[in-house]
Amino acid sequence: MSVIRLKGQADRRLRAGHQWIYSNEVDTNKTPLKQFTPGDQVVVETAQGKPLGIATVNPNTLICGRLVSRSVDTVLNKSTLVHRIKIALSLREMVYPGPYYRLVFGDSDGLSGLVVDRFADILVIQISTAGMERLKNEIVEALQEVIKPSAILLKNDGKMRQIEGLDTYVEEAFGTVPELVFLQENDVLFQAPVWDGQKTGWFYDHRENRKTMQGFCDGKRVLDVFSYVGGWGVQAAAAGATDVTFIDASESALSHVDENLKLNQYEGDANLMHGDAFDAMQSLIDDKARFDVVVMDPPAFIARRKDIKAGEGAYHRANQLAMRLVAKGGVLVTGSCSMHLETNRLHDIVRSNSRQLERFSQLIYRGTQAPDHPVHPAIEETEYLKALFYRIHNNMGL
């Protein structure tokens, strides 16, 4: 195998458990990155020439290497994929009674650049790195061997692929995948648009937070902002909410909300608001609307570090509007999937809104991503999701 040699001390992070190699950590005088083709597997060596393992390489990206093995005798091939997918499956089967979960979560399952979501016997794959793209056929074969699905969809249209220099496409790898697939989460039924929906069509990561939210919804009015296909609001409806309002910019997503409510035979009132979430919330405020539970689960306002300032401003504005819509003694659920927004910073944003609006807020629950999105202890980027629950009162003079 070809070799990449690291600079002095550049092996510290890898020895501590991380799996990424940055281009400025490679000794390009001894091992020029330009000699490699995206997706190559190479031996990684310290500055002293001691082997650290095997990595996939992309010479054209900032993260130029991703460790796939700490043994130079173990390459990433179908056999290794089968072994790691079996280990990943054992975790999910230990936690969940039904076959609805994120089966593979990238680095946390030892498969950097690969995500697989399971919808019973249908799998949706997302590949985001050149190394995994090179092994696309082996991935499909390994999943067929371990899971024995009826169909597999390659949903390879994510933004990371552009950074890796990969084409985007959505196609069946095996079998026939319908436009909508069924899933069950917290005993609630859904249909997810896997072909043209966001990401894989569904977001399993907030599963436990939605379950906690259900405990506050019986007999209540609920607002689901950035609702997508109704992951939060439909579960609130199933938990006994008498009135649920959904806000989303996608008319198609809201049509799926309506169908998901019907799937669960919801007989309460449902209001589907199509449009910009900020404008829709302001309209509800102008109409003096109030809700017992308000869920604010926006897309990532902070995609990169350079977006932190503008993104925090967006989180501040969104949560301020949401807080104004919470009835006295009601609950605000605020979420973030931005890795660059720390939990304490989100808490500080809510605290600031409380003071500006003269509300008394009490943090009553801190949530994170579900167990099918395990956190790699050495890779902070794998811990990205947060959900904070607050009870909101009038200022009470405090």
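**Cavities, a pocket and a seven-stranded sheet**

Two cavities of 30 Å³ or more were counted in this predicted model. The largest cavity holds about 60 Å³ of space, and the second largest cavity has a volume of about 30 Å³.

The lining of the largest cavity is made up of Thr56, Val57, Asn58, Ile63, Cys64, Gly65, Arg66, Thr129, Ala130, Gly131 and Glu164. Three elements, β4 (51-57), β5 (63-69) and α3 (130-134), each contribute at least two residues to this lining. Strand β5 provides the largest share, four residues. When the lining of the largest cavity is sorted by class, four residues are nonpolar, five are polar and two are charged.

The second largest cavity is lined by Thr56, Arg66, Val68, Leu76, Ser112, Thr129, Gly131 and Met132. Thr56, Arg66, Thr129 and Gly131 thus appear in the linings of both cavities. For the second largest cavity, at least two lining residues come from each of β5 and α3. Both of these elements also supply at least two residues to the lining of the largest cavity. By class, the second largest cavity is lined by three nonpolar, four polar and one charged residues.

Among the pockets, the second largest encloses about 330 Å³ of space. Its lining comprises 16 residues, and Met339, Glu342, Thr343, Glu383 and Lys386 are those that lie nearest the centre of the pocket. Strands β18 (359-367) and β19 (386-394) each give at least two residues to the lining of the second largest pocket. The lining of this pocket divides into six nonpolar, four polar and six charged residues.

Strands β18 and β19, which contribute to the pocket lining, also belong to an open sheet of seven strands. The order of strands across this sheet is β15-β14-β13-β16-β17-β19-β18, with mixed pairing. Strands β15 (269-274) and β18 form the edges, each pairing on one side only. From one strand to the next, the twist averages 15°. Within the sheet, β17 (residues 326-336) pairs with β19 in the antiparallel sense, over seven bridges. Gly335 has Ala387 of β19 as its bridge partner.

Helix α8 (residues 251-263) packs on the sheet, where it touches β14 (243-248) and β15. The direction of α8 makes about 170° with that of β15, which is one of the two edge strands. A further helix, α10 (residues 308-324), lies across β16 (291-296), β17, β18 and β19. Helix α10 runs at about 155° to β17. The strands crossed by α10 therefore include the antiparallel pair β17 and β19 as well as the edge strand β18, by the DSSP criterion of at least two bridges for pairing.

Over its full length, the protein chain contains 11 helices and 19 strands. The radius of gyration of the chain is 23 Å, close to the 21 Å that the globule rule gives for 398 residues, so the chain is as compact as a globular protein of that length. Along the principal axes, the C-alpha atoms fill a box of roughly 65 × 50 × 35 Å.

Conventions:
Residues numbered from 1 in each chain as written. Predicted model: local features only at pLDDT ≥ 70, side-chain atom pairs only at ≥ 80, totals over all residues. Heavy atoms only, no water. 1 Å grid on protein atoms, 1.4 Å probe; cavity = no way out; pocket = protein on both sides within 12 Å on 5 of 7 lines; lining within 4 Å. Points joined across faces, edges and corners; volume = space filled by probe spheres on them. Nonpolar A, V, L, I, M, F, W, Y, C, P; charged D, E, K, R; others polar. Axes fitted to C-alpha atoms, helices over the stretch in contact; angles between N-to-C directions. Contact = heavy atoms within 4.5 Å. Rg over C-alpha atoms; globule rule 2.2 N^0.38 Å.
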